[in-house]
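Here's a quick briefing to read with the model open beside you. Grab a coffee and follow along.

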Amino acid sequence: MSQSPNSDTPNINPASVGPLLAQLGAPLLAVSTHANGVDNAQIAVTASAASIVLHRPRVIVQIYHTNYTHQLIAESGVMALNFLSPEQLPLIWQLGMHSGRDGDKLVDIPYERGVTGSPILTGGFGYLDCRVVNAMDGGDMTAFLAEVVAGATHGGQPLRWRDARPRLPQQWADEWDRKIAGEMAVSEIAMDTVNPAAWANRTFKGS
Ligand SMILES: Cc1cc2nc3c(=O)[nH]c(=O)nc-3n(C[C@H](O)[C@H](O)[C@H](O)COP(=O)(O)O)c2cc1C
């Protein structure tokens, strides 16, 4: 690991570490939630399993502060991870490139309500319905630790970003490139706003 001179900012070559980080992505998820009578969902690929106890599954999901979904999860403490199937590719456009702040994104998408009240999208590879138990602030995003309270695998295959990306219509791909460039600029500033006391004053039970 190298460091920029006179700076704590690491000197990273994205082309060199990008292939490694791409290996850490989850399948494409529609992260849905319900708060104060409002339903919403967004696309996410930053999720992982977070429990070794088979009958007490937990997940960690990273949601960006600026997303409407973040506001709703923070209010309600509930979310469902809907694993997309290859047939659900259009949901990337509907849920991942627009905000629920600009209109009801679920209006044309069939769903039922899960145990937590979160929308469970019809079809797909399966779903996990979850209640948040803790959260870590990353400055630009929050890593939510959540307990799985219900779920089912429907079968078929999950859709992965590396397979979906080349199938996107050009207009969607261009829109995504524009959106992510703007969000990277916001994140680069916001990620330095993590409260240093949270790590400096760390205490861990049982270690
Ligand atoms: C392929 C893809 C992956 C994404 N991964 C994440 C993610 O892991 N976390 C996140 O917060 N947003 C992610 N997004 C962005 C949100 O889905 C997007 O900003 C969405 O418009 C937010 O909607 P909302 O404002 O209704 O919550 C992803 C988008 C796409 C297209």
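What follows covers the core, one strand and the ligand shell.

This is a predicted model, so local features need pLDDT of at least 70, side-chain atom pairs count only at pLDDT 80 or more, and totals for chains, interfaces and linings use all residues. Residues are numbered from 1 along each chain as its sequence is written.

**Core**
- The largest nonpolar core (buried Ala, Val, Leu, Ile, Met, Phe, Trp, Tyr and Cys residues joined through C-beta atoms within 7 Å; buried is 20 or more other C-beta atoms within 10 Å of a residue's own, with C-beta atoms placed from the backbone) has 34 residues, and L29, A30, V31, V61 and L81 touch the most other members.
- Strand β5 (residues 78-83) gives the most to this core, with five residues.
- Beyond four places in sequence, L29 has contacts (C-beta atoms, placed from the backbone, within 7 Å) that include I43, V45, L81 and F83.

**Strand β4**
- Strands here are DSSP E runs of at least two residues, helices are H or I runs of at least four, and both are numbered from the N terminus.
- β4 (residues 58-64) covers one face, with V59, V61 and I63, and leaves R58, I60, Q62 and Y64 on the uncovered one.
- In a regular strand, side chains alternate between the two faces of the sheet.
- β4 runs antiparallel to β3 (residues 47-49), joined by three bridges, and S48 has I60 as its bridge partner.
- β4 also runs antiparallel to β9 (residues 141-153), through seven bridges, with R58 opposite E147.

**Ligand shell**
- The ligand is surrounded by 21 residues (C-beta atom, placed from the backbone, within 6 Å), the closest being N67, T69, G96, S99 and G100.
- β2 supplies the largest share, four residues.

How values were computed
Buried ≥ 20, exposed ≤ 12 C-beta atoms within 10 Å, placed from the backbone. Contact = placed C-beta atoms within 7 Å. Pairing = 2+ DSSP bridges.
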